[in-house]
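Here are some notes to read alongside the structure. Keep the view open and look up each residue as you go.

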Amino acid sequence: KDYPLPPERIRELRDWSEKRIERYRETRRRQREFRLEQVYKSQKKHVLPLSRRDMFIAGLFLYWGDGSKTRMNGLAVTNTDPAVAKFFIRWLTRVFSVDKDRLSIQLHLYKDMDIENELGFWSKTLNIPLSQFGKPYIKKSKKEDITRKGGFGHGTCSVRINDVRLAEKVLMGLKVIRDNFSL
């Protein structure tokens, strides 16, 4: 204590202080959260409300990415994110005036899941009665074996509608977009 530390040692002690590092990380986390909240508010004003045309185009792009393009007798979107399934349902009901009772739901679940609980979760989340759900496909693997970030917390949900004319509209709408960007 009676001898001054060399500048290298002072720097070493200062730079590797766990308290200082944690304070810095916490400050940066709060700054990032504040910044993202501001960006979110700005984007919300910019994006919403969605017009009917906006919804139509957003749905086409969703379908281009996550929709089944091999069936010409209907449409299906499969995803693990309940918000994607809800958007697809809203897209069908608002843009194409499809009655929700025409939809069918198929779940892909894991053998270590509580099947009844997951059926209830999806039914409540999508506001679709269990009578419109097919028998869930139970995968042999375990949910806990999946290491994907965000996981597959409630399995995978497929929302389907059998409607040839509707499938033609959507698939030809996608063809228009694809052709517009083809070389």
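The numbered points below go from the core and the strands to the salt bridges and the surface.

1. **What kind of model this is.** Please keep in mind throughout that this is a predicted model. The distances and accessibilities in the points below are computed from that predicted model.

2. **The nonpolar core.** A good place to begin is the largest nonpolar core, which has 35 residues. Which of its members touch the most others? They are Leu75, Phe88 and Leu92. Many elements contribute to this core: helices 3, 4, 5 and 6 and strands 1, 2 and 4 each supply at least two residues. Helix 4 gives the largest share, with 7 residues.

3. **Phe88 and its contacts.** Try selecting Phe88 and looking around it. Setting aside the neighbours within four places in sequence, which residues is Phe88 in contact with? The list is Leu62, Tyr63, Leu75, Ala76, Val77 and Val159. You have already met two of these names together: Leu75 and Phe88 are both among the core residues that touch the most other members.

4. **Strand 4 and its partners.** Strand 4 (156–162) pairs with strand 1 in the antiparallel sense over 6 bridges. Strand 4 also pairs with strand 2, again antiparallel, over 5 bridges. To find the pairing with strand 1 on screen, look for Asn79 opposite Cys157, and for Leu75 with its bridge partner Ile161. For the pairing with strand 2, look for Gln106, whose bridge partner in strand 4 is Ser158.

5. **How covered the strands are.** Is strand 4 largely enclosed or open? Of its 7 residues, 5 are buried, so strand 4 is largely enclosed by the rest of the structure. Strand 1 is mostly covered too, with 5 of its 6 residues buried. While you are looking at strands, one general point is handy: in a regular strand, side chains alternate between the two faces of the sheet.

6. **Two residues of helix 5.** Glu118 and Lys124 make a nice pair to compare. Glu118 is found in helix 5, and so is Lys124. Which label fits Glu118, buried or exposed? Glu118 counts as buried because its relative accessibility is 6%, and the cut-off for buried is under 20%. Lys124, at 73%, counts as exposed, as the cut-off for exposed is over 50%. Leaving out residues up to four places away in sequence, Glu118 touches Leu107, Leu109, Met113, Gly153 and His154.

7. **Two distances to try.** You can check these with a distance tool. The C-alpha atoms of Glu118 and Phe87 are separated by 19 Å, and these residues are 31 apart along the chain. For Lys124 and Pro7, which are 117 residues apart along the chain, the C-alpha separation is 63 Å.

8. **Salt bridges within a helix.** Side chains of opposite charge can pair when their charged atoms come close. The structure holds 7 salt bridges. One of them joins Arg165 and Glu168, at 3.3 Å from N to O. Both residues lie in helix 6, 3 residues apart, about one turn of the helix. Arg165 counts as exposed at 58%, while Glu168 is partly exposed at 30%. Salt bridges that share partners also join Glu26, Arg29, Arg30 and Glu33 into one network. Within it, the closest N and O atoms of Arg29 and Glu33 are 2.4 Å apart. Arg29 and Glu33 both lie in helix 2, 4 residues apart.

9. **A salt bridge between two loops.** Asp163 forms a salt bridge with Arg102, and their closest N and O atoms are 2.9 Å apart. Why does this pair tie together parts that are 61 residues apart in sequence? Asp163 lies in the loop between strand 4 and helix 6, whereas Arg102 lies in the loop between helix 4 and strand 2, so the pair links those parts. Asp163 counts as buried at 18%, and Arg102 is partly exposed at 40%.

10. **A nonpolar patch on the surface.** Finally, turn to Val47, Leu48 and Leu50, which make a nonpolar surface patch of about 230 Å². Val47 is found in helix 2 (residues 18–47). With a relative accessible area of 40%, Val47 is partly exposed.

Definitions and conventions: Residues are numbered from 1 along each chain as its sequence is written. This is a predicted model: local features need pLDDT of at least 70, side-chain atom pairs count only at pLDDT 80 or more; totals for chains, interfaces and linings use all residues. Side-chain values use heavy atoms; hydrogens and water are left out. A nonpolar core is a set of buried Ala, Val, Leu, Ile, Met, Phe, Trp, Tyr and Cys residues joined through side-chain atoms within 4.5 Å. Buried means under 20% relative accessible area, exposed over 50%, partly exposed in between (1.4 Å probe, protein chains only). Contact means heavy atoms within 4.5 Å. Patches are made of residues with over 30% relative accessible area and no salt bridge: like charges are joined within 9 Å, nonpolar side chains (Val, Leu, Ile, Met, Phe, Trp, Tyr) within 5 Å. Accessible areas come from the Shrake-Rupley method with a 1.4 Å probe; for residues, only the protein chains shown count as cover. A salt bridge is a side-chain nitrogen of Lys or Arg within 4 Å of a carboxyl oxygen of Asp or Glu. Two strands pair if DSSP finds at least two bridges between them.
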